[in-house]
Amino acid sequence: QVQLVESGGGLVQAGGSLRLSCAASGRTFSSFVMGWFRQAPGKERDFVATISGGGSWTYYADSVKGRFTISRDNAKNTVYLQMNSLKPEDTAVYYCAARINIPPTFPALNTYEYGYWGKGTQVTVSS
C-alpha cells in the first residue's frame, strides 16, 4: 500500500504560479511512476503530467507543456508540480497518483493505469 497526500493548492490570479506537493508513504517510493491529474467541475479527470521512478523521464499534456514542470525527490518521498503562467482554465482539483510500473509503460496517461490516488487539492485561477 502507498498513501498519497497533496498540498499547495489555493487561489491565484491568472499569470501567477503555484507549486503542488504530494507526499507518499508506504512502499519504496522510487519504484513508482508518479502522475498528476486534474478534474474540473462536471468534467472527467484528465492527465496533466507524469514522471518515471528515477525522475529521468517526464511527459506532459499539451495543454500544460511549457508552463508546468513535474519533479520528484525520492529521498523525501515527494513529487512536485510547479505551475507557472496559470490560466483560468487550469482551475480544477489536482490529484496525485502512483503506478506500480508493471508491465513497464511510459508514459501512462489513463486513470486506470494508476492504482493509488490522493484526495486532491483545489487550484482556482481567477481572471
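This report walks through the fold, the core and a few backbone oddities of a predicted model.

## Ground rules

Residue numbers start at 1 in each chain, following the sequence as written. Because this is a predicted model, local features need pLDDT of at least 70 and side-chain atom pairs count only at pLDDT 80 or more, while totals for chains, interfaces and linings use all residues; side-chain values use heavy atoms, with hydrogens and water left out.

## Overall build

No helices here: the protein has 0 helices and 11 strands (DSSP runs numbered from the N terminus, H or I of at least four residues for helices, E of at least two for strands). The radius of gyration is 14 Å, close to the 14 Å from the globule rule for 127 residues, so the protein is as compact as a globular protein of that length. That radius is taken over C-alpha atoms, and the rule is 2.2 Å times the number of residues to the power 0.38. Along the principal axes, the C-alpha atoms fill a box of roughly 40 × 25 × 25 Å.

Of the contacts with a separation of 6 or more, 59% link residues 24 or more positions apart (contact means heavy atoms within 4.5 Å). Buried residues come to 43% of the 127; buried means under 20% relative accessible area, exposed over 50%, and partly exposed in between, with a 1.4 Å probe and protein chains only.

## The core and cysteine 96

The largest nonpolar core has 36 residues, and those with the most contacts inside it include Leu4, Trp36 and Tyr94. Such a core is a set of buried Ala, Val, Leu, Ile, Met, Phe, Trp, Tyr and Cys residues joined through side-chain atoms within 4.5 Å. Among the strands that give two or more residues to this core are β1 (2-7), β4 (32-39) and β9 (92-100).

Cysteine 96 sits in strand β9 and is buried, at a relative accessible area of 0%. Leaving out residues up to four places away in sequence, cysteine 96 touches Cys22, Met34 and Trp117, among others. Tryptophan 36 is 60 residues away along the chain, yet the two C-alpha atoms are separated by 4.7 Å.

## Backbone oddities in the loops

Two cis peptide bonds are worth a look. One joins isoleucine 102 and proline 103, with omega about -5°; another joins phenylalanine 106 and proline 107, with omega about 0°. Proline 103 is in the loop between β9 and β10 (116-117), and proline 107 is found in the loop between β9 and β10 as well.

Then there are positive phi values at non-glycines. Asparagine 77 has a phi of about 55° in the loop between β7 and β8, and is partly exposed at 24%. Serine 85 has a phi of about 50° in the loop between β8 and β9, and is partly exposed at 41%.
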